[in-house]
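The following exchange is meant for a reader who is meeting this structure for the first time. Each turn asks how a description is justified.

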Amino acid sequence: GHSSGGQTAAALAGVQLSFEQMNSYCRSNKAAGDLGCTYAQKGLPHQSHALPAKLNSSQDDRIKRIIMLDPALGPAATVASLSKVSVPSLVIGSLDNDFLPFEHHAKYYATHMPQSQLVTLNNNEGHFVYLNKCDHAYKARGISLCEDRAGVDREQVHNQIIGRVFAFLNRE
């Protein structure tokens, strides 16, 4: 899954979220430039208490591998739950991210999940490079969904990613 879909994949592998942890992060200097906080803060006032672990779990034992493309909500993912993920995980993230800081999202997930493989895109790719090519003017928090930065070829990036994905899926 891409972005929140990546976090959904993580949830199916057993990753749990702490809204208090996300709130602390979003109020800190570390969150500068993290557009994910603009979404997360909408729901935070309603999260006045922690969910019991049983209710905070979406783990599905049928899940055998997960693929996360620039996953969101890294700062909310608890290290305790990340460290218990037992399925192989492929995490692909954009280093020079224009939406979700790499260090606090993609790299954070990969660092704390024991069977993860991190692929870092480091040629100025942004958060939406993972989406299909498009030609509309829609933006998310001011970032174009269709227009990549100068020098970024979305089709070439997709070809690079698909090779990594197939290698990951075909691994024993």
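The questions below concern a predicted model.

Q: What makes the chain as compact as a globular protein of its length?
A: The radius of gyration of the chain is 16 Å, and the globule rule gives 16 Å for 172 residues. The two values are close, so the chain counts as being as compact as a globular protein of that length. Taken along the principal axes, its C-alpha atoms fill a box of roughly 45 × 40 × 25 Å.

Q: What is the secondary structure of the chain, and in which pattern does it run?
A: The chain comes to six helices and five strands. Along the sequence, they follow the pattern α-α-α-β-α-β-α-β-β-β-α.

Q: Why is T111 called exposed?
A: The label exposed requires a relative accessibility over 50%. T111 has 53%, and therefore it counts as exposed. This residue lies in helix α5. T111 and V91 are 20 residues apart in sequence, while their C-alpha atoms are 9.9 Å apart in space.

Q: What share of the chain is buried?
A: A residue is called buried when its relative accessible area is under 20%. Buried residues make up 46% of the 172 residues.

Q: Why is a set of residues called a nonpolar core?
A: The name applies because the members are buried residues of the listed nonpolar types, joined through side-chain atoms within 4.5 Å. The largest such core has 24 residues, of which V15, M68, A77, L82, Y109 and M113 touch the most other members. The elements giving two or more residues to this core are α1 (4-12), α2 (19-26), β1 (66-69) and α5 (106-112). Helix α5 supplies the largest share, four residues. Another core lies apart from it and has 13 residues, among them V119, V152, I161 and F168. In soluble globular proteins, nonpolar side chains tend to be buried together.

Q: Which residues does A77 touch, beyond those up to four places away in sequence?
A: A contact requires heavy atoms within 4.5 Å. A77 touches V15, Q16, L17, Q21, L82, Y108 and Y109.

Q: What portion of the contacts with a separation of 6 or more joins residues 24 or more positions apart?
A: Such residues account for 76% of those contacts.

Q: What does the chain expose, and how are its charges placed?
A: About 9,400 Å² is exposed, and carbon and sulfur atoms supply 51% of it. There are 16 positive and 15 negative side chains, and the centres of the two sets lie 7 Å apart.

Terms used. Residues numbered from 1 in each chain as written. Predicted model: local features only at pLDDT ≥ 70, side-chain atom pairs only at ≥ 80, totals over all residues. Heavy atoms only, no water. Buried < 20%, exposed > 50% of the residue type's maximum accessible area, 1.4 Å probe, protein only. Rg over C-alpha atoms; globule rule 2.2 N^0.38 Å. Areas by Shrake-Rupley, 256 points an atom, 1.4 Å probe, with all protein chains shown as cover. Lys, Arg positive; Asp, Glu negative; His and termini not counted. Charge placed at Lys NZ, Arg CZ, Asp CG, Glu CD.
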